[in-house]
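Student: I would like to work through this structure step by step, moving from the whole chain to single residues. Could we begin with its overall surface and shape?

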Amino acid sequence: MKKIIAANWKMNKTISETKSFFHNFRNQSSLLAEGCEIIIFPPFTSIVEAVRECENTDIKIGAQNCYYESSGAFTGEISAEMIRDIGAEYVILGHSERRKYFCETDEIINKKIHKALKNSLKVIFCVGESFETRKNGKVNEWIERQIKNGLKGLSKENFKNIVIAYEPIWAIGTGKAINAESADEVVKFIKKYLADNFDSESVILYGGSVKSDNVREFMGLEDIGGLLVGGASLSAESFAEIIFASG
Ligand code: PEP
C-alpha cells in the first residue's frame, strides 16, 4: 500500500500564494516517487484553486475542518456537502488546534466524522497527548478515550475511509518530534485497539515537527503508514524534500 504524505497548511496562504506553491512544487517534484500518496490541506479559500492546480495529477486535496450539519443558520460554518462540491476528497478532523482553540469535544468530532463519511469524504482523524499526560504515564488511556469516543458508531466499512494521525500535542510546531520508538509504541497500541474493539484496521500517520532530516526514522517503521506535516509543508522546496526523503 502507498504511504501517505499529507500537508496541513493551517491558516496560511492566499490564492496567489497557493498558485505559486504549486508552480514551485511542480518544478521540485517532476521526479517524485510514485510510492506515496500526496494530500494537501489548504485553507478553505484556496481549495478551489488547489483542486484546479492538481487536475490531471495524483495529488489529492482536502479541507481542514467541516461542520456536522448540512445547511442552515450556522454562521461561519462549512458543511461536508460544500467541501465535496468544490472537489476536495479529504477532511482533517480532531486536530489538537481545533480541540484547544475551538473547544471541539470528542462528541462534536464524532458527529463531524459521521457527516464527512456520509458525504464520501475520507477523514484524517487526529489524536495525541499533551506533555503532561505523557509525563504522567497516561498516553494509552488518553488515546483510547479519544478513539473510543471519536470513532463511536463507525462500521467496519467506514474504516476504509478513516486514516488516523498520531500527533503528540507537545511535538506540533515545536521543532521537537517524538523519538521514533515511542511513536511506534503508540501506533501499535492504536492498531491493537482498533482490532480488538472495532474489528478494523486503519492507516496510521505520525505528525509533529516532521522535517526532511527525521523523515526516515518514521517512514522506516512498518506500522507507520505516512506523515502529516504542518510547518515544513508550507514551502514547496521543503515539502518536496520530505517526499524525496521518504521514498
Ligand atoms: C500539524 O499541525 O498537524 C503538524 C504536524 O504541525 P508541524 O509539522 O508544524 O508540527
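Tutor: Accessible areas here come from the Shrake-Rupley method with a 1.4 Å probe. The model is a predicted one, and every value that follows is computed from it.

Student: How much area does the chain expose, and what share of it do carbon and sulfur atoms supply?

Tutor: With that definition of area in hand, the exposed surface of the chain comes to about 11,900 Å². The part of this surface that is supplied by carbon and sulfur atoms is 50%.

Student: Which elements of secondary structure does the chain have, and how does its radius of gyration stand against the globule rule?

Tutor: The chain has ten helices together with eight strands. Its radius of gyration is close to the 18 Å that the globule rule gives for 247 residues, so the chain is as compact as a globular protein of that length. Along the principal axes, the C-alpha trace spans about 45 × 45 × 30 Å. The radius of gyration itself is 17 Å.

Student: What percentage of the residues count as buried, and what percentage of the contacts join residues at least 24 apart?

Tutor: A residue counts as buried when its relative accessible area is under 20%, and 52% of the 247 residues meet that condition. For the contacts, the set considered is that between residues at least 6 apart in sequence, and within it the share joining residues at least 24 apart is 72%.

Student: How far apart do the centres of the positive and negative side chains lie?

Tutor: The chain carries 31 positive and 34 negative side chains. The centres of these two sets are separated by 3 Å.

Student: Which residues have the most contacts inside the largest nonpolar core, and which helix gives the most to it?

Tutor: The largest nonpolar core has 67 residues, and those with the most contacts inside it are Ile147 and Leu151. The element that gives the most to this core, with nine residues, is helix H8, residues 180-198.

Student: Which residues does the second core include?

Tutor: This core is separate and has 13 residues. Among its members are Ile4, Phe41, Ile92 and Leu205.

Student: Is Leu194 buried or exposed, and which residues of the loop after its helix does it touch?

Tutor: Leu194 has its place in helix H8, and it touches Ile147, Leu151, Phe159 and Ile164, not counting residues up to four places away in sequence. With a relative accessible area of 1%, Leu194 is buried. Asp199 and Glu201 are both found in the loop between H8 and strand E7, and the contacts of Leu194 that lie beyond four places in sequence include Asp199 and Glu201.

Student: Is Glu201 buried or exposed, and what is its C-alpha distance to Lys191?

Tutor: Glu201 touches Phe159 and Leu194, leaving out residues up to four places away in sequence. Its relative accessible area is 68%, so Glu201 is exposed. Glu201 and Lys191 are ten residues apart in sequence, and their C-alpha atoms are separated by 6.5 Å.

Student: What is the sign of phi at Asp199 and at Ser209, and which of the two counts as buried?

Tutor: Most residues other than glycine have a negative phi. Asp199 nevertheless has a positive phi of about 50°, and Ser209 likewise has a positive phi of about 55°. Asp199, at 52% relative accessibility, counts as exposed. At 13% relative accessibility, the residue that counts as buried is Ser209.

Student: Where is Ser209 found, and which residues does it touch?

Tutor: Ser209 is found in the loop between E7 and helix H9, residues 215-219. Not counting residues up to four places away in sequence, Ser209 touches Ala171, Gly173, Thr174, Gly175, Lys176, Ala177 and Asn214.

Student: Where is the place of Leu93, and is Leu93 buried or exposed?

Tutor: Leu93 has its place in strand E4, residues 90-93. Leaving aside its neighbours within four places in sequence, Leu93 is in contact with residues including Asn65, Cys66, Ile109, Ile113 and Phe125. Its relative accessible area is 1%, so Leu93 is buried.

Conventions:
Residues numbered from 1 in each chain as written. Predicted model: local features only at pLDDT ≥ 70, side-chain atom pairs only at ≥ 80, totals over all residues. Heavy atoms only, no water. Helix = DSSP H or I, 4+ residues; strand = E, 2+ residues; numbered from the N terminus. Rg over C-alpha atoms; globule rule 2.2 N^0.38 Å. Buried < 20%, exposed > 50% of the residue type's maximum accessible area, 1.4 Å probe, protein only. Contact = heavy atoms within 4.5 Å. Lys, Arg positive; Asp, Glu negative; His and termini not counted. Charge placed at Lys NZ, Arg CZ, Asp CG, Glu CD. Core = buried A, V, L, I, M, F, W, Y, C linked by side-chain atoms within 4.5 Å.
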